[in-house]
Each structure stands twice: as structure tokens, then as C-alpha cells.
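Work through these exercises with the structure open beside you. Try each task before you read its solution.

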Amino acid sequence: MKKNIIVISLVAVAAVIVMIVVGRLTRKTDLSLLFSEVKHGDFEIVVTTTGELQAENSTDIKGPDGLQSRNIRFGGIKIQDLIPEGTEVREGDYIATLDKSSADNTYKEELDNQEKYETALLKIELDTTITLGDLRDDLVNLKFAMEEAQITLEQSKYEPPTTIRQAQISLEKAKRAYEQALSNYDLKVKQAAADMKEAELTLAKQRRKVEELESLLAQFIVRAPASGMVIYKREWDGSKREVGSEINAWDPVVATLPDLTAMISKTYVNEIDISKVKPGQKVRLTVDAFPDRSYTGVVSDVANIGEQLPNTDAKVFEVITKVDGSDPILRPSMTTGNQIVTKTFSDVLYVPLECVFATSDSVPFVYKKNGTRQIVVLGESNENNVIVEQGLEAGEMLYLTIPEGGDRFKQVGTELVSVIKEREQMKRLEEDRIRKEAERIKAEREKAMQDMDPRARQFMQNLTPEQRSQMRKMREGGGQTQNSASQPSQGNQQETVKPRTDSGKEVQQQKGSEDGSKKREAKPDSQTVESKE
């Protein structure tokens, strides 16, 4: 009995000790959830997006050569068969089969035309032979008539003058008839030669067309131009080109063979954040397929023109990030997480966004653990934290939520209100300036489009996003050569800013130069080429 009492007592004591320890740990946890410390160090502003891996360079697997020939006109050619995406192939391996039905019909029609032209040439040759033969017979007969008239004239020298004169006239007529027939024969020979030449040229042109069609039909079995992994070509709307899709003379690519040693991440940034993104900024990347791996890269290209993706209402801008180094496990179409570091601040104070509150007139403040409401001057922010330029010190503890009796906390830092109001006024003025500048640029562009040749304007309006991107890259590629001497390297585009301290020292900023926006007009060349065989 006594043993049982002792055991029960020990169990009760242990339970009390456990309750005390758990209570203290819970209280510490609760305190850690209620408060946050003002931290000091480096601060990054990051634009986070989702992208897709692509090869920077790739070899196109194209349909038949000669689709743009002026002798052949095809519409869309359907892909009848295509090997699975991701297949490893070697040079010369089978890739796809194209639908020949339309091409076969065209080939048969052209063969019929060739036979028709061959028959026409043969008919011209036969007609020419018969016609020239008759003319040669007539020349022989006229020559005999002229000789007979000459003999008659010679025999009439003892005849009366009237008879002699009649013989002379007959000879003159015979000579004139012979000469006219001879001249007519020469013209007929030249005419026949021209007709035959024209028929021969027409037939030769038709034979070339048939030969081109035969060569073209032989290429409807598409083979790999090099070794690599087959990746399906993407359409302008993002869908993949597969069985049933069409190729044409202006876009004959069936699939691609990417160079996996140099990869890029293609992503889209919304119009709110695009002004922060510049070429040369550093990027941290992750790949969903390999969450334990991380990569780095650099923004290589930022679109100047926004676009609207399918099934979305928001306007976005294409951003290309070049991935540093290479990794054999990376494959095109893998999903990436991109963190674009747009700015880096060193030696600053920052707090969580949850710690910051605002008065009715938008003056920011924080609740300090010492029971005061501190007005603060805020700087830039990222997704989680915000820089505090004035009003706090490192290590101070702040409430993450409105504390009980927070309205009774003593308010301090009222001298910072004037600084906050002044900054808000400057910010509004800057926003007005930017808005007016954007309106001016928009008006100039609209005027330029109105002044543009109607055909050029229609051409520009009908461009797909991919074509606009290619034209932009071509223009920028030409401008980089001219401006390379005056522009700094892209590695310096990222901004490093050192803000003012609590004592009111001025903010020191070291910013990389940014390329100014350049307005260009693209006018397509229109040429009319007339070919004459």
C-alpha cells in the first residue's frame, strides 16, 4: 500500500514538472510570435516569377527546302507523323513525315502540263516543217518561171518592140515574185525559230518545276540535320507543334535540336514590376524538378512591348535570363523559380511588414515593446520586409500585431512627420512627371504610326509577339556595336544603395548606368520582282 502511494506521488510530481516546463516553453513561443527584432544588414528587393527553361541556341529541323521557290506555291503542309518529344537522335535519323496529298495532286497536274507543252512543241515543229517545205517548193517553181521569162526575152529580140517589151515585163514580174517569196521565206524561218524557242523555254521551265517538285516530295520524310534531343517547336500562342499541326513556306520548322550546354529561362513579369527589371541584374533560380539544386543567372533581355498571354487579362513583359554554367540534368520546358535581384541595400535597418501600421493621415509607426508608438521613416520594401531609415535602432523589439491597449502607448518621433510629408510630396511630383513623359511618348508613337505608310503600318500591326521580339533583338544588336565604347558593362546595372542613418546623413547611392529608351521606326522594304524567262 505504501509503495503504491509513493509511486502515485512521484507520478504527480513528474506531471507538475512537465506542466511547468511546457508552460514556460509555450510562453516563450508565444512571445516569439508576438514580437520581432529590428535587424541590421543587407537588404534585397526581389521580383519573383515563374519561368521555363529553353536552350539559348538550337538547330532547327525544317521541312523541305524550296517551299519559298517562285515556281512552287504550297499552303499549309500538315505533319502526318512525328517522333516523341525528348527522343535522342543522331544525324540522319527519322524525325517526321509530312502529308503529301496536296503535293501529289500538284505534281500530277504539273506532269500533265509538261506533257501538254511537249505536245505543243512537237506540233510547232511539224507545222514548221510542212510550212517551210511548201515555201521552198514555191521558191523552186518561181525560179523556174523566172528562167523561162529570161529565155522568152532572149528569143524575142527579132520580134516587134511590143512583143519584146511584154517579154521584159514578164521577166521583171518573175524576178519580183521570186525575190518577194525569198524574203517571205526568210521571215517565215525566223518566225518559226522564235515560236520553237518560246515553246522550248516554256517546256524547259515546266520541266524545272517538275524536277523541283520531285526533289521536294523526296524531302517529305524529315530527317535530323544533327545529333541531339528532339524538342517540339512552339507556336506563337505557346502551344507545341505536333501531329496535325501545319508548317508553311515562312515557318517551315518541324522541331528543334537544342544546345543543352547553354540554357536560358524565359519568364514574364507583370507591368507593375517591369520598371524594376534591367538587363545585367543577377537572378537566383531553382528548378521544380530538382528542388535541392540552385542556380544563378543574369537578365539578358527585357521586352520593350507588353503582351497579353492566352486566358489572362494582365499585360506582361517577356524577360530572358541566361543561366550561368551548364548542368546536364537541365532540360528544355522545365519550370523554374526566378528571383530577380533588382536592388541591394547594404548596412540598413529593416523590419517585417506586419510590424508597420499607419495613422488616418498615412503616417507610418510601430509599436515598441517598451510601450511607445514610434513614428518611422520608411524606405523601399520587398515581399516580406521594409527598410526603416529613421526612428529605430538595431535590436529593438516590435509588436507584430496591435497590442492590447495600444491606443494608450505614448507616441514618439513626431518630428519625423514633416520628413514623411516632404517625401510624399516629392514622390507625387515624380509620379506626375513619369506619367506625363509616358503620355508624351505614347502620343509620339501614335503620330508616327499615323504618318507611316499604310502598308508598313499594317505590317507592324500584324506582327506576332515572337516577330516583334526578333525585330527588337536585331535593332538592339546593331545599336550595341555603336554604343559599346560609351556604355558600361552590364554587370554594373544592379544598384547598390547605402541609406542615411538616424542622425540624418544623406543617402549615398551608387547606381549603374541604364540604357536610355530609344525610339525607332521599322519600315518594311517592299519590292516588286518581275521575272522574265
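**Exercise 1. Describe the hairpin that β19 and β20 form, and its turn.**

Solution.
- Step 1: Count the residues in the turn. There are 4 residues between β19 and β20 in this hairpin.
- Step 2: Look at the backbone of the turn. G371 has a positive phi of about 90°. Keep in mind that this is a predicted model.
- Step 3: Find the direction. β19 covers residues 364–367, and it runs antiparallel to β20, with 3 bridges joining the two.
- Step 4: Pick out one pair. V366 has Q374 in β20 as its bridge partner.

**Exercise 2. Which strand pairs with β20 in the parallel sense, and which residues stand opposite each other?**

Solution.
- Step 1: Name the partner. Strand β24 (residues 410–412) pairs with β20 in the parallel sense, over 3 bridges.
- Step 2: Match the residues. T372 stands opposite K410. R373 stands opposite Q411.

**Exercise 3. Give the strand order of the open sheet, and explain why β18 and β24 each have one side without a neighbour.**

Solution.
- Step 1: Write the order. The 4 strands run β18-β19-β20-β24.
- Step 2: Classify the pairing. The pairing is mixed.
- Step 3: Find the edges. β18 (357–358) and β24 each have a single partner strand, so one side of each is left without a neighbour in the sheet.

**Exercise 4. Sort the side chains of β20 by the way they point, and say whether they are buried or exposed.**

Solution.
- Step 1: Recall the rule. In a regular strand, side chains alternate between the two faces of the sheet.
- Step 2: Apply it to residues 372–375. T372 and Q374 point one way, and R373 and I375 point the other way.
- Step 3: Check burial. All of these residues are buried.

**Exercise 5. Describe the surroundings of T49.**

Solution.
- Step 1: Locate T49. This residue is found in strand β2, residues 39–55.
- Step 2: Judge its burial. Buried means under 20% relative accessible area. T49 has 9%, so T49 is buried.
- Step 3: List contacts, leaving aside neighbours within four places in sequence. T49 touches T267, Y268, V269, T336, G337 and N338.
- Step 4: Look for a polar contact. The side chains of T49 and T267 are joined by one of 3.0 Å.

**Exercise 6. What share of the residues in the protein is buried, and how many helices and strands are there?**

Solution.
- Step 1: Read the burial. Of the 533 residues, 32% are buried.
- Step 2: Count the elements. The protein has 6 helices and 26 strands.
- Step 3: Add the surface. About 34,200 Å² is exposed, and carbon and sulfur atoms supply 51% of it.

How values were computed
Residues numbered from 1 in each chain as written. Predicted model: local features only at pLDDT ≥ 70, side-chain atom pairs only at ≥ 80, totals over all residues. Heavy atoms only, no water. Buried < 20%, exposed > 50% of the residue type's maximum accessible area, 1.4 Å probe, protein only. Polar contact = N/O pair within 3.5 Å; in protein donor to acceptor, adjacent residues only side chain to side chain. Contact = heavy atoms within 4.5 Å. Areas by Shrake-Rupley, 256 points an atom, 1.4 Å probe, with all protein chains shown as cover. Pairing = 2+ DSSP bridges.
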